[in-house]
Amino acid sequence: FNIQRADFLPSGETPDSGGIPSDEDAMRRIYSLGIVLYEIFSGGERPPEMGHQTGGRKSDDGTAEFFQEWSQEDPFPIDDGNIDDLADELKLFDGIIGGDDFFNAENDRKSKRQTQSCSYKVYDVSVEPLKAKCLPGSLCDLVANMLDCADCYPSGEDSYHKMSEVRDDLQLMLDKPAIYLYDQDIGRLSITGLQFGGTVFGRNAELSTVKDAYRRSVSGGSELVIISGASGSGKSLLGHEFEKHVLAGGGIFLSGKFDQLQQGTPFSALASAFNVYCGILLEDSGPSSIAEVLASKLRSSMGRDVHYLTKLIPNLAIILGPATSPINRNEDCDNAQKRLQYLLCQFVDVISSTFSAPVTLFLDDLQWADAASIEAVNHLLTAASLAHDERFFFLGCCREGEINGGHPVWKLLTNLERASVGCTNIKLDLMDEHTINTMVSETLSLFPRLTRSLSSVIYHKTKGNPLFVSQLMLSLSKEGLLRPSLSRRRWEWDKEKIQSQKLPDDVAMFITESIQAL
């Protein structure tokens with residue numbers, strides 16, 4: 001695209017109104033611009049309905065007479081300079097609607113407009129000829145919604161009410177064409193149903209805070225960030241969104257999750273995180289693979305002690321190969337845990353130095369963490385803070401209100417404050433109605449103005465819990481209350497039936513009931 005902003009659109013202000021357009025002025029301008037866009041997107045063709053310069057639409061309220069008077073003043077009541085430049089600006093759609101020569105007919109269109117009489121009239125214009133040219137449905141709908149303003153008031157359910165709405169929709173086509181410009185595969189969606197892509201909505205400020213803390217840790221030392229929030233508020237999703245940032249910058253990202261049923265198993269989440277990472281290294285099976293390089297570094301730095309980690313990290317045993325001498329695994333539990341904590345710190349140090357990259361450890365569901373794991377995290381953070389050449393970052397997620405004074409994580413935070421390790425706490429609130437509408441809009445690939453009424457119902461039923469929103473929308477899709485329309489080539493819904501649905505207040509209860517209904 002050769003344009004980044006849709007600010008070329010006319011403002012709709014008129015000298016007579018003191019810079020503030022009346023509703024009728026706004027409708028005229030939207031309709032007139034719709035005619036202009038129709039001609040541009042059709043390659044210079046006028047709408048068939050306007051081919052005969054006959055009388056305008058008659059009405060009992062004097063609309064035709066009003067337009068006759070208006071047409072004598074200005075056949076196209078939007079700024080001429082803006083119109084003359086419009087075709088060049090709309091080349092942002094070049095290649096989608098006709099190729100490099102698509103707008104060549106624009107000079108002919110401008111010539112016709114300059115020589116035509118000022119007897120501009122209002123017509124019912126169909127966009128079917130545009131659809132026949134295989135233009136994206138969103139463009140055809142945009143023009144159709146503008147032409148719905150012919151009678152100085154919106155006549156269609158999806159009609160525009162002001163020019164800023166047109167500008168906003170065009171801007172969304174520019175910014176996110178895959179969502180708002182290109183056609184969806186409605187046939188596929190009618191089979192698969194609603195799909196969610198794992199996009200994070202409304203958490204830009206929180207994500208920036210995590211990135212800032214990570215940036216400080218990369219500069220030298222260690223940092224810890226704890227994300228808390230209600231169940232379903234998007235803590236895990238935010239953590240994995242941050243993962244993309246770390247990997248894009250060449251960092252190492254280790255990810256594990258504590259399980260309520262494994263609280264008695266020491267190092268369960270840590271073992272999972274390191275084992276998955278070693279499995280990724282094993283996928284590189286070249287002659288001098290990354291795994292072989294790491295194995296050599298581990299042997300030279302940790303000696304035979306590295307083999308103590310293989311019981312905890314099975315994939316590490318594959319990387320290292322069999323031990324050359326027997327390992328004593330009969331130590332008492334306390335000594336074994338302390339040895340593993342120490343060796344895990346060494347392991348992270350070797351990983352970071354071998355690949356010259358900062359290491360991030362992300363552990364989810366900290367409310368179920370065991371004391372041994374948190375003690376290992378404490379060693380990793382304090383060791384990195386003392387050794388200025390080490391770069392370690394810890395990100396953890398926990399449910400709000402479940403970390404009390406006796407919890408291992410509480411003790412960790414207290415210790416780190418005394419050790420001068422940077423600690424940041426982030427609390428995720430539930431989403432507001434505007435953010436929920438953005439989520440619904442992007443999920444359905446419909447402009448936010450079209451999904452606002454549906455989003456309002458969903459917001460009040462879910463109280464802004466993003467997991468609840470996604471589960472409710474999936475449930476509505478399965479029940480046919482939210483469905484893809486093959487005729488309209490878009491999603492549609494039964495607002496009244498959705499509004500009348502009774503839902504449990506608890507997210508977990510709703511998900512449980514949804515699973516039981518399968």
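These are my notebook entries on what I looked up in this predicted model.

**Entry 1: confidence**

I began with the confidence values, and found that the protein chain averages a pLDDT of 80, with 74% of the residues scoring at least 70. Among its elements, helix 18 (residues 433–444) has the highest mean pLDDT, 97, while helix 2 (residues 63–73) has the lowest, 41. I then noted two stretches where pLDDT stays under 50: residues 11–17, for which the model has 9 contacts beyond four places in sequence, and residues 99–120, for which the model has 43 such contacts.

**Entry 2: strand 4 and its partners**

I turned next to strand 4 (residues 391–399), and asked how far it is enclosed by the rest of the structure. Of its 9 residues 7 are buried, so I record strand 4 as largely enclosed. Strand 1 (residues 221–229) runs parallel to strand 4 and is joined to it by 9 bridges; within this pairing I located G221 opposite R391. Strand 3 (residues 359–364) also runs parallel to strand 4, with 5 bridges between them, and here F362 stands opposite L395.

**Entry 3: aromatic pairs**

I searched the whole structure for aromatic pairs, and the search gave 7. One of them is formed by Y214 and F393, whose geometry is edge-to-face, with 5.6 Å from centre to centre and 80° between the planes. This pair links distant parts of the chain, since Y214 belongs to helix 10 (residues 204–218) and F393 to strand 4, 179 residues apart. I checked the burial of both partners: Y214 has a relative accessible area of 7% and is therefore buried, the cut-off being under 20%, and F393, at 0% relative accessibility, also counts as buried.

I looked at F253 and F362 as well, which form a tilted pair with 6.0 Å from centre to centre and 45° between the planes. F253 lies in strand 2 (residues 252–257) and F362 in strand 3, so this pair ties together parts that are 109 residues apart in sequence. Here too I found both rings buried, F253 with a relative accessible area of 9% and F362 at 1%. When I asked which residues make up one aromatic cluster with these four, I found that Y214, F242, F253, F362 and F393 form it.

**Entry 4: nonpolar cores**

I looked up the largest nonpolar core, which has 58 residues, and the residues with the most contacts inside it are L316, F347, L361, L366 and F394. Leaving aside neighbours within four places in sequence, I listed the contacts of L316 as C278, L298, V306, L309, T310 and F347. Apart from this core lies another, of 55 residues, which includes I35, M439, V440 and V469. I add as background that, in soluble globular proteins, nonpolar side chains tend to be buried together.

**Entry 5: arginines over rings**

I checked for charged groups over aromatic faces and noted two cases. R339 lies over the face of Y308, at 4.2 Å from the ring centre, and R449 lies over the face of Y160, at 3.8 Å from the ring centre.

**Entry 6: the surroundings of E492**

Last, I located E492, which is placed in strand 7 (residues 490–493). Which residues does E492 contact, once its neighbours within four places in sequence are left aside? I found L481, L482, R483 and S485. I also looked up T451, which is 41 residues from E492 along the chain, and found their C-alpha atoms separated by 9.6 Å.

Terms used. Residues are numbered from 1 along each chain as its sequence is written. Side-chain values use heavy atoms; hydrogens and water are left out. Helices (H or I, at least four residues) and strands (E, at least two) are DSSP runs, numbered from the N terminus. Contact means heavy atoms within 4.5 Å. pLDDT is the predictor's confidence in each residue, from 0 to 100. Buried means under 20% relative accessible area, exposed over 50%, partly exposed in between (1.4 Å probe, protein chains only). Two strands pair if DSSP finds at least two bridges between them. A nonpolar core is a set of buried Ala, Val, Leu, Ile, Met, Phe, Trp, Tyr and Cys residues joined through side-chain atoms within 4.5 Å. Rings of Phe, Tyr and Trp (its six-membered ring) pair if their centres lie within 6.5 Å; planes under 30 degrees apart count as stacked, over 60 as edge-to-face and the rest as tilted. A charge sits over a ring if NZ of Lys or CZ of Arg is within 6 Å of the ring centre and within 35 degrees of the ring normal.
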